[in-house]
Amino acid sequence: MKIQAISSRPERHHGLGADGMDPFQQIQHVLGRHRPRTVKPDDRAHAAVAMILRERLDGLSVLLIQRSLNEKDFWSGQIGLPGGRTESADNGPMDTAERETREELGLDLSDARYLGRLKDLAPKGLNIVVSCFVYALRDEPVLHPDPLEVAEAFWFPLRDLDNPAGRARIRFLFKGRMRSYPAVSIPGPQERQLWGITYDLLQQIKKAIIPTDY
């Protein structure tokens, strides 16, 4: 799957105003107010990911990973959240997300603050359902990424989702059709793009934060 990144024209920035609320309380309140939409996998694969948040000097941030290069991995080299496919020994998708986070990053979420669950995603054209569970950390964790699965783990400030300078589009040929999706460019020695399922999940959490500040 060949991907081409296209920078977008600058858009007007709509910042989120601070109202003095704890952002974690706000997220937990919003996510707990309604039962999230869940999708039965049926004959599709079922994956679960952990969205891990922390207050840092650059604001409320989410822990992202860049997957290691592997020609057998459909998500090879892409930016995402720690997680993976459910296994028969898992006690539900939340257990999957926590197990995968331990395996990929050496991070135990048993002491993390659980904030809630986002609605499941079942992307068209992909034979998979993705569930996402949101956690908050108080302290900076010590990470031990598994090099076979994770090339890098890093914190991404959520305010950068609204940075016009980082707006981009991803274009690629999929099943004989050219497709285009919104993306965010992540600064670094090599330009990387956050898009697809991870982008959609971060847009969900952004809505849960409004109208609090990042």
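**Helices, cores and a pocket in a predicted model**

Helix 2 covers residues 93-105, and its 13 residues should span 18 Å at 1.5 Å a residue; the end C-alpha atoms are indeed 18 Å apart, so the two values agree. The expected span here is 1.5 Å times one less than the number of residues in the helix. Helices (H or I, at least four residues) and strands (E, at least two) are DSSP runs, numbered from the N terminus.

A word on the ground rules. This is a predicted model, in which local features need pLDDT of at least 70 and side-chain atom pairs count only at pLDDT 80 or more, while totals for chains, interfaces and linings use all residues. Residues are numbered from 1 along each chain as its sequence is written, and side-chain values use heavy atoms, with hydrogens and water left out.

Taken as a whole, the protein chain holds three helices and 11 strands. Read along the sequence, these follow the pattern β-α-β-β-β-β-α-β-β-β-β-β-β-α. Of the 214 residues in the chain, 47% count as buried, where buried means under 20% relative accessible area, exposed over 50%, and partly exposed in between (1.4 Å probe, protein chains only). As for contacts (heavy atoms within 4.5 Å), among those between residues at least 6 apart in sequence, 69% join residues at least 24 apart.

Back to helix 2. The buried residues in this helix are Pro93, Thr96, Ala97, Glu98, Arg99, Glu100, Thr101, Glu104 and Leu105. Their cover includes strand 2, strand 3, strand 5 (83-85), strand 6 (113-117), strand 7 and strand 8. Just past the end of helix 2 comes glycine 106, with a positive phi of about 65°. A little further on, leucine 109 sits in the loop between helix 2 and strand 6. Leucine 109 counts as buried because its relative accessibility is 3%. Leaving aside neighbours within four places in sequence, leucine 109 is in contact with Ala50, Ile52, Glu98, Thr101 and Tyr135. Leucine 109 and alanine 50 are 59 residues apart in sequence, yet their C-alpha atoms are 9.2 Å apart in space.

What about the nonpolar cores? A nonpolar core is a set of buried Ala, Val, Leu, Ile, Met, Phe, Trp, Tyr and Cys residues joined through side-chain atoms within 4.5 Å. The largest one has 36 residues, and Met51, Leu53 and Ile205 have the most contacts inside it. Two or more residues each come from helix 1 (23-33), strand 2 (45-56), strand 3 (59-67), strand 7 (128-137), strand 8 (150-157), strand 10 (177-186) and helix 3 (196-209). Helix 3 gives the largest share of this core, seven residues. There is also a second, separate core of 15 residues, which includes Leu63, Leu105, Leu107 and Phe133. As for isoleucine 205, its contacts beyond four places in sequence are Ile27, Leu31, Met51, Leu53, Leu118, Val134 and Leu158.

Helix 3 deserves its own look. This helix has 14 residues and reaches 20 Å from its first C-alpha to its last, close to the 20 Å expected at 1.5 Å a residue. Helix 3 is mostly covered, with 11 of its 14 residues buried; among them are Ile197, Tyr199, Leu202, Gln204 and Lys206.

Helix 3 also turns up in the second largest pocket, where it gives the largest share of the lining, five residues. On a 1 Å grid over the protein atoms alone, a pocket is an open set of points where a 1.4 Å probe fits, with protein on both sides within 12 Å along at least five of seven lines, and lining residues have an atom within 4 Å of a point. About 270 Å³ of space lies in this second largest pocket, a volume being the space filled by probe spheres set on the points, which are joined across faces, edges and corners. Of the 15 residues that line this pocket, the closest to its centre are Val30, Leu31, Leu118, Lys119 and Gln204.

Finally, there is the loop between helix 1 and strand 2, home to aspartate 42 and arginine 44. Aspartate 42 has a positive phi of about 55° although it is not a glycine, and with 65% relative accessibility it counts as exposed. Arginine 44 is partly exposed, at a relative accessible area of 26%. Not counting residues up to four places away in sequence, arginine 44 touches Val39, Ala122, Asn127, Ile128 and Val129.
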